[in-house]
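Here is a short report on how the parts of one protein model fit together. Look at the sequence and the structure, then read on.

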Amino acid sequence: MAPITTDTQDIERKISEEQLKDAIRTILLYIGEDPDRSGLTNTPNRIVRMYDEIFRGYQPDKKPRITTFRNSAHTEEMVFDCGDYYSMCEHHILPFFGKYYLAYIPSAEGRILGISKVSRVVGYCAARLQLQERLCREVVEMLSNALGNTAQGFAIMMKGSHLCKSMRGTRNKGEMTVTYFTGCFKKKAQLRNEFYNIVKMQ
């Protein structure tokens, strides 16, 4: 198969779908299940299809096209977006998920993002084995690059619930919040406070 390229690394798929299905059957045997019982016979097929969906972030052809527009109003006001995200922790391959909050301040002479592009970029970057901290950085870097690195600054907050803590190990509430700031948000406490206040209102 051809190499699969991401923004951070080159990955080549070295096994076929049939080999993956055999591996899933082995896992079922390991945990004490019978992969041939009626409820599980099609589980390997379902997992292969699910992996293609939830790990689409490794497929360059699934990378979102980030539409931008000329900042014809020459605005330098804060632009804010929020929504849900779902990802998989790279340590135990268990889900973590929650809400993201993102703001940026465009350049008066630069470009602005299409209204749906933030959520598409978050979804694509989250569709890999991830760390919440790295996910924040990757989202901002992809959006900043789409604007030609002209935005005055970005702010992102991600709140996540991690099942690797909630359902195993300490079996405690696995909640974590990560923030990442660039440009004017990193330099100006007033802008960070404005961002935090908007987040509180959501």
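In which sense do strand 4 and strand 5 pair, and over how many bridges? Strand 4 (residues 79-89) and strand 5 (residues 95-105) are antiparallel partners, joined over 10 bridges. Tyr 86 sits opposite Phe 97 of strand 5. Note that this is a predicted model.

**The sheet.** The two strands belong to an open sheet of five strands. Its order is 7-4-5-8-9, with mixed pairing. Strand 7 (129-130) and strand 9 (175-181) are the edges. Each has a single partner strand, so one side of each lacks a neighbour in the sheet.

**Helices on the sheet.** Two helices touch these strands, as the table shows.

| Helix | Strands touched | Direction |
|---|---|---|
| Helix 3 (residues 117-126) | strand 4, strand 5, strand 7, strand 8 (153-162) | about 15° with strand 4 |
| Helix 4 (residues 132-146) | strand 4, strand 5, strand 7, strand 8, strand 9 | about 145° to strand 8 |

**The helix pair.** Two packed helices are described by the angle and the distance between their axes. Helix 1 (residues 17-30) and helix 2 (residues 43-54) have axes that come within 9 Å. They cross at roughly 120°. The two are therefore oblique to each other. The crossing is right-handed.

Which residues of helix 1 and helix 2 meet? From helix 1 come Glu 17, Leu 20, Lys 21, Ile 24 and Arg 25. They meet Pro 44, Asn 45, Ile 47, Val 48, Tyr 51 and Asp 52 in helix 2. By class, this contact holds six nonpolar, one polar and four charged residues.

Note on methods: Residues are numbered from 1 along each chain as its sequence is written. This is a predicted model: local features need pLDDT of at least 70, side-chain atom pairs count only at pLDDT 80 or more; totals for chains, interfaces and linings use all residues. Side-chain values use heavy atoms; hydrogens and water are left out. Axes are lines fitted to C-alpha atoms, for helices over the stretch in contact, and angles run from 0 to 180 degrees between N-to-C directions. Helices (H or I, at least four residues) and strands (E, at least two) are DSSP runs, numbered from the N terminus. Angles under 35 degrees count as roughly parallel, over 145 as roughly antiparallel, 65 to 115 as roughly perpendicular and the rest as oblique. A crossing is left-handed if the near helix is turned anticlockwise from the far one by less than a right angle, and right-handed if clockwise. Contact means heavy atoms within 4.5 Å. Ala, Val, Leu, Ile, Met, Phe, Trp, Tyr, Cys and Pro count as nonpolar, Asp, Glu, Lys and Arg as charged, and the others, Gly among them, as polar. Two strands pair if DSSP finds at least two bridges between them.
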